[in-house]
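Please look over the sequence and the structure below. A short report on the chains and their contacts follows.

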Amino acid sequence: MSDSLYLAWRYIGFNRWKTLTLMACITLITVLPLTLQVLLSETERQMLARAASTPLVVGAGGSALDLMMSTLYFGRDVPELIDMSDSEEIWKTGLADAIPLYVRFRARDYPIVGTTLDYFDFRGLGFAAGRPLAVLGECVLGAEAARRLELKPGDSLVSSPDNLFDLAGVYPLKMSVAGVLKRTYSADDLAVFVDLKTAWIIEGLGHGHGDVARDGDTSVVLERSEDNVVANASLVEYTEITKANIDSFHFHGEPENYPISAVIALPHDAKSAAILRGRFLESLVTAQIVVPFEVIGALMQNIFRIKNVLDAVIVVVGLATVLAIALVFALSLRLRQREIETIFKLGCQRATIAHLLAAEIILILFASGVLCVGILLIVDHYSADLVRLIFVN
Amino acid sequence: MKQSIKLLVLIALSTALQSVRGADDDPLEVYVVNYTLQYFASRIAGGHARVEFPAPRDSDPVFWKPSTATINDYQKADLILLNGAGYAKWLDGATLPRAKLVNTSRAFSDRYIKIGGEATHSHGPSGSHSHTGTAFTTWLDFQQAILQARAIAEELVSKRAGLKDTFEHQLDLLERELLAIDSELMEIGAKKPGIPLMASHPVYQYLARRYGLNLRSVQWEPREAPTDEQWAELVGILDAHPARWMIWESEPAKETEDRLAMLGIKSLVFNPGANVPESGDWLDVMRENVDNLKQIL
Amino acid sequence: MIKITDLDFVYPHGEFRLMVPDFNIGRSEKVAVIGPSGSGKTTLLNLIAGITVPKHGTVEVDEVTVSRLEDRHRRAFRITRIGFVFQDFALLDYLDVLDNILHPYRITRALELSRSVRQRASVLAETMGIADKLKRPVGELSQGEKQRTAICRALLPDPSLILADEATGNLDPDNKSRILDLLFECVDAHRATLLAVTHDHELLARFDRVVDFQGFRGGVVE
């Protein structure tokens, strides 16, 4: 067999383009469904693991899926907003801990997630560098966001304006990086976490500026009445929160009316969860309480239904490819007819021809197999990132 | 499928719960924002909690600003006891875990006293500040102090259910002492209803409300000589409010006391107990406050 | 060396019949076979090599009755005892010169590719004047070099009989003579028998004997 392999090796080496084309066909048709399988498994793992670890989510009425994509995976679409008071209501029930989330703004294309420190404990997020959020204007980066933005504790990151034509003047806020989280292979890796209050400052609900009521500069004052001072646009608002100006930051209106996108509710036990769900069903029409595992489970079922169709397509394409490959071998046999006749004449046994062809097929299949395994190992290695790239971003 | 969903949700719940509840044997790490809360928590928890109040002894906990490292210490605590009513301004700019925060005055948050005015003043090197918004020395109404102590006890019990009896017994003892002070103060208020009094600082709103004191405030610092404008302001107030006593947070400067005496005003100290006293404990300070206040009778 | 008795061969469809009542070639003899196309020269070579088997009669080579051997043994006999030289050289373009020479050793178990075989291949190539081209792909060789390679391949297993089918047909006159010289030289050195089908009448004089198939079907004219 080694002689046959040697001859086959020389043959496929001589016909390298034909060989490479064959290998590419075989590799593709093998790798495609397997890659799809690996990616879907990873998607399922990531999405379901995150959904399963998030007992209940409260958000505005509307698409439960949009709410999940925003709350669990920090997707780009902002669901309808609810009030901070909804989070406090959940605390007050005594049935669950509540973790408010405000996922709306972005910093250089990475989602800014306004939340409380409880989120870090809840997700078990550890620090690779730096420390947790401590004061307004700080942010903590997910591992991947920090890597891609090349940021470390002590650096700063500017929030992106909501949109270019935002005339209401949502100033970009320069945030200082307090810490970088350990990698978790979840949406948290790509997030920029800030305190809820910092998110509200980005929105313009809170801001810091010199005291117009007391400072001598009258050029910024439009109108002064007994109990109110109206400043004009030349009043400089701070775009960075520092030790020196942090005290000037303040919020207008009641914080409980401030917007959040969702609340993650952590019921104290299964009974509390049931009661909490019951209360929401009864009393709150505009809000919804959702079990993420159910929503994402349904989504995954749909994805797997689509996958079945894809599998069928791949089977058909695979069959066509196998036929094409068989044709290629048959044609190759025909091209080698003269060679086969010669070696028959020389006196080789019938089986030798079969050996030679088998060796050629084995070598091509083996090389394709190695290529497949290589590609699949790479896909598997980057599957977590790939899935995040496809589904989260 | 449904069964497995339920199972997974239950697993997630129990994991979440485990992360909330710690081991029962370790003493709880409790951080507070003023001495009053430190005293209450220490009394109730005894050796079952380490109650930390990191503000320096000479600082005003309302306007004190902790370092980032200290904020991190707060974050790591098992429990963070807040006074509520806007007490400890640094909380507005700090990030703390909501699950560990306890607003001890939440039970009576509907009875917070709103204060207006744009008066600002200065405390030496720490810069100017203003007393606008909500009156925050809530515990000087000793009924409110009892509610705050109860809120602390309730939270400690929720963290260490096994120590419920111990905590409730300690709370009971504390409540009795607070009630005793409350009734003494009620007595004082009843004996001299409507008697005009001055306060050197606007921190006695709840004391005045609960015990029926007719109190007006200036904004003087015990260790700083009042300016001429401040003297003039006082004289102006005295026209309509003929007070004979001024209540100070701590012993005033001799010169100020003498000049007040010339106006016929005597000084007495009612230490709000926001920070750790030179000697004795919170209850000693309050008992001394009551004795001092009896001088007006 | 070759002994054919009462041979009667018909192709399956019966379009051609070859009858050889008696035909002998002695050891170390160099015999040329001539005749017009379709006269049965190649068929004769195939019958001698055992590639085809006659219906009647026997073909003996080196005292082995080839026509009675089983297919398996016939093939083994052919690859070990008979060397082939073809008009179109029948070299494999995906192998270099050396691998082409060694090729028979790689397609049968009847021959063992040992170190001494490789040495012999080098010596043969040296004799044939292609020693410096052993690692070259055959596509880069001239026609003459290709035929020298084919001769080396035929001679390497040290066969007792060389069958050459128009071995010089694709060569220019200079090369023809030179290749024939080399072939004769090697056949002599190996004490082999040579049976060559050829159309080159000017070369016939160099053979020991010429067998003419002209105008003859079913018999042999010498």
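## Contacts and burial in chain B

In this predicted model, take the contacts in chain B between residues at least 6 apart in sequence: 57% of them join residues at least 24 apart. Chain B has 297 residues, and 39% of them are buried. Its secondary structure comprises nine helices and 12 strands.

## Strands 1 and 2 of chain B

Strand 1 of chain B covers residues 28-32. Four bridges join strand 1 to strand 2 of chain B, and the two run parallel. Within this pairing, B:Y31 stands opposite B:E52 of strand 2. The connection between the two strands passes through helix 2 of chain B, residues 35-45. This β-α-β crossover is right-handed.

Strand 2 of chain B spans residues 49-52 and has two faces. B:A49 and B:V51 make up the covered face. B:R50 and B:E52 lie on the uncovered one. B:E52, the residue opposite B:Y31, is thus placed on the uncovered face.

## Chain A overall

Chain A holds 11 helices and 16 strands. It has 393 residues, of which 38% count as buried. Among its contacts with a separation of 6 or more, 76% are between residues 24 or more positions apart.

## Helix 9 of chain A

Helix 9 of chain A runs from residue 292 to residue 335, 44 residues in total. How far apart should its ends be? At 1.5 Å a residue, the helix should span 64 Å. The end C-alpha atoms are 61 Å apart, so the model agrees with the expected span.

Which residues of helix 9 of chain A are buried? They are A:P292, A:F293, A:I296 and A:G297. For background, an α-helix has 3.6 residues a turn, so residues three or four places apart point the same way.

## Where chain A meets chain C

The contact between these chains involves 15 residues of chain A and 16 residues of chain C. On the chain A side, helix 1 (2-14) and helix 10 (337-346) each supply at least two residues. Helix 1 of chain A gives the most, with six residues.

What is the make-up of this side of chain A by class? Seven of its residues are nonpolar, four are polar and four are charged. Interface size is often given another way, as the accessible area lost when the parts come together.

Definitions and conventions. Residues numbered from 1 in each chain as written. Chains lettered and ligands numbered in written order. Predicted model: local features only at pLDDT ≥ 70, side-chain atom pairs only at ≥ 80, totals over all residues. Contact = placed C-beta atoms within 7 Å. Nonpolar A, V, L, I, M, F, W, Y, C, P; charged D, E, K, R; others polar. Expected span 1.5 Å × (residues − 1). Buried ≥ 20, exposed ≤ 12 C-beta atoms within 10 Å, placed from the backbone. Pairing = 2+ DSSP bridges. Right-handed = clockwise from strand over helix to strand, strands pointing away.
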